[in-house]
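Trainee: Could you pick one part of this model and take me through it up close, residue by residue? I'd like to see how the pieces around it hang together.

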Amino acid sequence: MTEEGLLPSDFSIRRWSTPERLDEILAVVHASFAGFEPPSGVLREGLAHLTARFAEETFVVALAGETIIGSVFCARKGDALYLTRMAVAPAWRKRGVGRALIQGAEEEARRAGAKRLTLRVRKNLPGNRAYFARFGFVVTGEGQDAGRPPYDAMERAL
């Protein structure tokens, strides 16, 4: 049993290496980001956008059997692996999937020779900032892109 009370076989984490089923990954991302205020720009992104990202980034996916239940997109930026669009299907939250996705991203970072993981968290989502802090991420800056809410930049050294 894991500390979350799940058997390790309840879900698995793997690097997604095929463009098939990107529509399912997109559905999980949309479900995970629904309800943000102001609404997340990810809800306007479609399959063409995700397909373009897939060609440039590494996707780490959580599966329960053959069902996609979570994902995180990883982009190399200098000496870091930037994590974005981390999503867990609502029915699978608080069951260790997010932790496992972060661990999977860390494995990808080490494989790529990255020295740190980085990400951004909306300032109006302090619960998300606290979530990542539990995994050793610290706030290293802040910013705001045009037309988007302000964010805190966070990172964790490897």
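Mentor: Let's agree on some words before we look: a residue is buried if its relative accessible area is under 20%, exposed if it is over 50%, and partly exposed in between. Keep in mind, too, that this is a predicted model.

The part I'd pick is strand E4, with its neighbours. E4 covers residues 80–88, and nine of its nine residues are buried. What lies around it?

Start with the strand partners. E3 (residues 67–77) runs antiparallel to E4, and seven bridges join the two. If you want a spot to click on, Ala75 stands opposite Tyr82 in E4. E3 and E4 make a hairpin with two residues between them. Look at Gly78 in that turn: its phi is positive, at about 65 degrees.

The pairing with E5 is in the parallel sense, over three bridges. One pair to look for there is Leu81, whose bridge partner in E5 is Leu117. To get from E4 to E5 the chain goes through H3, and this β-α-β crossover is right-handed.

While you're on H3, find Glu108. Its side chain meets that of Arg15 in a salt bridge, 3.3 Å from N to O. That pair links distant parts of the chain, with Glu108 in helix H3 (residues 97–112) and Arg15 in strand E1 (residues 12–16), 93 residues apart. Are the two ends buried or exposed? Glu108 counts as buried, at 8% relative accessibility, whereas Arg15 is partly exposed at 42%.

Now to H2, which also reaches E4. In this helix (residues 47–56), Leu50, Arg53 and Phe54 are buried. They span an arc of only 105 degrees around the axis, so they sit on the same side of H2. The spacing makes sense for a helix: an α-helix has 3.6 residues a turn, so residues three or four places apart point the same way. The buried residues of H2 pack against E4, and also against E1, helix H1 (22–33), strand E2 (58–64) and E3. Turn the helix round and the face away from that buried side carries Ala48, Ala55 and Glu56, which are exposed.

H1 has its own contacts worth a look, through Ser32, which is placed in that helix. Ser32 counts as buried at 11% relative accessibility, because the cut-off is under 20%. Its side chain reaches the backbone nitrogen of Val88 at 3.4 Å. Beyond its sequence neighbours up to four places away, Ser32 touches Met86, Ala87, Val88 and Arg93.

Back on the E5 side, zoom in on Leu119, which lies in that strand (residues 116–122). Leu119 is buried, with a relative accessible area of 4%. Leaving out residues up to four places away in sequence, its contacts are Tyr82, Leu83, Phe132, Phe137, Asp152, Ala153 and Met154. Take Phe132 from that list: it is 13 residues from Leu119 in sequence, and 9.2 Å away in space, C-alpha to C-alpha.

Asp152, another of those contacts, is worth following further. Its side chain and that of Lys123 meet in a salt bridge at 2.7 Å, N to O. This one also links distant parts of the chain: Lys123 is in the loop between E5 and helix H4 (126–133), Asp152 is in strand E7 (residues 151–157), and they are 29 residues apart. Lys123 is partly exposed at 32% relative accessibility, while Asp152 is buried at 6%.

Asp152 also meets Arg129 in a salt bridge, at 2.9 Å, N to O. Arg129 lies in helix H4 and Asp152 in strand E7, so this pair ties together parts that are 23 residues apart in sequence. Bring in Glu142 as well, and you have a network of salt bridges linking Lys123, Arg129, Glu142 and Asp152. For the wider count, the structure holds 14 salt bridges.

So here's a route for your viewer. Begin at the E3–E4 hairpin, follow the chain from E4 through H3 to E5, and stop at Leu119. From there, step across to its contact Asp152, and finish at the salt-bridge network.

Conventions: Residues are numbered from 1 along each chain as its sequence is written. This is a predicted model: local features need pLDDT of at least 70, side-chain atom pairs count only at pLDDT 80 or more; totals for chains, interfaces and linings use all residues. Side-chain values use heavy atoms; hydrogens and water are left out. Helices (H or I, at least four residues) and strands (E, at least two) are DSSP runs, numbered from the N terminus. Buried means under 20% relative accessible area, exposed over 50%, partly exposed in between (1.4 Å probe, protein chains only). Contact means heavy atoms within 4.5 Å. A salt bridge is a side-chain nitrogen of Lys or Arg within 4 Å of a carboxyl oxygen of Asp or Glu. Two strands pair if DSSP finds at least two bridges between them. A crossover is right-handed if, with the strands pointing away from the viewer, the path from the first strand over the helix to the second runs clockwise. The arc is that of the directions from the helix axis to the C-beta atoms. A polar contact is a pair of N or O atoms within 3.5 Å; within protein, one must be able to donate a hydrogen and the other to accept it, and residues adjacent in sequence count only if both atoms are side-chain atoms.
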